[in-house]
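Open the model in your viewer and keep the sequence panel beside it. The stops below each give a selection to make and say what is there.

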Amino acid sequence: MDISMDFLAPLHIHARQSGVSTGCRWLEGRGEEIASYSPVDGRSIAHFRAADRQEYEEVVAKARQAFEAWRQVPPPVRGEFVRRVGEKLREYKPLLGRLVSYEMGKSLQEGWGEVQEMIDICDFAVGLSRQLYGLTMASERPAHRMFEQWHPLGPVGVITAFNFPVSVWSWNAMIAWVCGDVVIWKPSEKTTLCAIACQHIVGQVMEAMQLPEGLSCLVAGRAEVGQWMAEDRQIPLISATGSVKMGKAVGAIVAQRLGRTILELSGNNAIIISQHADLDLALRAAVFGAVGTAGQRCTTTRRLIIHREVYDRFKQMLQHAYAQLRIGNPLDESNHVGPLIDRQAVEQYLNAITACRQQGGRFLVEGGVLEGPGYESGCYVKPCIAEVNPDMPIVQQETFAPILYIMPYENLEEAVAIHNRVPQGLSSAIMTLNLREAEYFLSAAGSDCGIANVNIGTSGAEIGGAFGGEKDTGGGRESGSDAWKNYMRRQTCTINYGTSLPLAQGIRFDIQ
């Protein structure tokens, strides 16, 4: 399939460009020149110039300056900025979604869906801009009033991964902006062109509203840029998405300076399929969860824990479904599965398959790398299924690829124990029509994950709920619910409107 590149120019993607910006203004980009390659066809899309240390410092200084002004803007006015960003995203959705698909490799439907998620978080944040509520507390002292209020925190550093190159930034940025913060974004070097396109879109709104430079900053580059941000005391909050290894490194650095982190790290997500499940529903949830985004979601379904009564039947259903999967160019809407992000990911996929065999796994659907016309990038692989022992070391790991492990269980308590016996704790699901099973899974004795679903899969979180997980997933929460509190500082206030000065706890301190 010959891919037209006509959609790049309207998004301001050209052969060579800077990856450093403070909003409407683009710096030179004096760091390394880095090429972005599409895993779809292996072509170099464009080159971007990373920031050097001096430019990084310039960007942070501009962000600090912008924060001084932005924090004094009324929250509903800040919400109007986000509303206009959402309108621009609606306008650019077809083009930006196509770029997401082409640079990252996810299906075109998923690319458009990711941009829609950005639009949805804009809508959520606009409403939030009028709901940054504090509490009023009863004071034990007469003629006193106690209350809490929330103030902007400062520049927020956002480090994003390649698999969701734009939406995860928006989860942080839109909420941070209505909270009165400014944002410094370090995108994955594998999908920086998507970030450059977003920065141009936001810059149009900033220019139209005459907003201060530094409100939205982009600092592209490799891992050292993320380290600069993690070490920088001028950035009170770092929100980082990526591997457990990366998260531990960032968390340790930020903790040394007593800064804050939101860490969204690995997932090793499972679906329990009960003998009481609607198996047709379970099949659709399991297959999309396992092969969507070619298994490169943090919420990808990596394990199926299936009741023995339906185990053999469901195996057959899975094998039949996998035989129908169409693997190929993600810009072709008839295909279900696109490529992995690069050949390093392919190598990790092959290593995991080898390890699974060595540890005793048996493959029901074989994996492998696809070759021939349409697969020239070397990044297309076959989704595969293996029967495993749940305690095999490879099953305890997150492999960012479409490898699905299946295992049987006898009773629900055993299933939940198997489910929870991995280091990660992001997303989880149970497929059952039995109310008692569903409630047990959602109880304190059930799933130990940050997300727990009944009769839907592990993928496809909505922005209204706080997103994040437990254990090695990092414990962070982004997007919906009261996740906005991460981006603000709490202040407890007490007002004495009386004529005396009583002390708390009945303490007496009399002086003449």
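**Stop 1: a salt bridge between two loops**

Select Asp391, which is partly exposed with a relative accessible area of 46%. (Buried means under 20% relative accessible area, exposed over 50%, and partly exposed in between, with a 1.4 Å probe and protein chains only.) Add Arg421, and the two form a salt bridge whose closest N and O atoms are 2.9 Å apart. A salt bridge here is a side-chain nitrogen of Lys or Arg within 4 Å of a carboxyl oxygen of Asp or Glu. The pair links distant parts of the chain, 30 residues apart: Asp391 is in the loop between β15 and β16, and Arg421 is in the loop between α11 (412-420) and β17 (424-425). Helices (H or I, at least four residues) and strands (E, at least two) are DSSP runs, numbered from the N terminus. Arg421 also counts as partly exposed, at 37% relative accessibility.

Before moving on, note that this is a predicted model, in which local features need pLDDT of at least 70 and side-chain atom pairs count only at pLDDT 80 or more, while totals for chains, interfaces and linings use all residues. Residues are numbered from 1 along each chain as its sequence is written, and side-chain values use heavy atoms, with hydrogens and water left out.

**Stop 2: the sheet of 7 strands**

Colour the strands β14-β15-β16-β13-β12-β18-β19: in that order they make an open sheet with mixed pairing. Its edge strands, each pairing on one side only, are β14 (362-365) and β19 (451-454). Neighbouring strands in this sheet are turned by 25° against each other on average, direction ignored. (Axes are lines fitted to C-alpha atoms, for helices over the stretch in contact, and angles run from 0 to 180 degrees between N-to-C directions.)

Now select 301-307 and 403-409. These are β13 and β16, which run parallel and are joined by 5 bridges; two strands pair if DSSP finds at least two bridges between them. Within this pair, Ile306 stands opposite Pro408 of β16. Add residues 343-358 to see helix α10, which packs on the sheet, touches β14, β15 (384-387) and β16, and makes about 30° with the direction of β16. Contact means heavy atoms within 4.5 Å.

**Stop 3: more salt bridges**

How many salt bridges does the structure hold? The count is 29. Show the side chains of Arg357 and Glu366, another bridged pair, with the closest N and O atoms 2.5 Å apart. Arg357 is partly exposed, with a relative accessible area of 41%, and Glu366 is partly exposed, also with 41%.

Next, select Asp312, Lys315, Arg362 and Glu387, which are linked in a network of salt bridges.

Then go to Lys471 and Asp448, whose side chains meet in a salt bridge of 2.6 Å, N to O. This pair, too, links distant parts of the chain, 23 residues apart: Lys471 belongs to strand β21 (residues 470-471), and Asp448 to the loop between α12 (435-442) and β19. Lys471 is partly exposed at 37% relative accessibility, and Asp448 is partly exposed with a relative accessible area of 24%.

**Stop 4: an enclosed strand**

Select 155-159. Is strand β7 buried or exposed? Of its 5 residues, 5 are buried, so β7 is largely enclosed by the rest of the structure. In a regular strand the side chains alternate between the two faces of the sheet. In β7, Pro155, Gly157 and Ile159 point one way, and Val156 and Val158 the other. Add residues 182-186, strand β8, which pairs with β7 in the parallel sense over 5 bridges. The bridge partner of Ile159 in β8 is Lys186.

**Stop 5: the sheet of 3 strands**

Select β1, β4 and β3. They form an open sheet in the order β1-β4-β3, with mixed pairing. The edge strands are β1 (16-18) and β3 (33-37), each pairing on one side only. Here neighbouring strands are turned by 30° against each other on average, direction ignored. β1 pairs with β4 (residues 44-49) in the parallel sense over 3 bridges, and Arg16 stands opposite His47 in β4. Finish by adding residues 192-209: this is helix α5, which lies across β1, β3 and β4 and runs at about 65° to β4.
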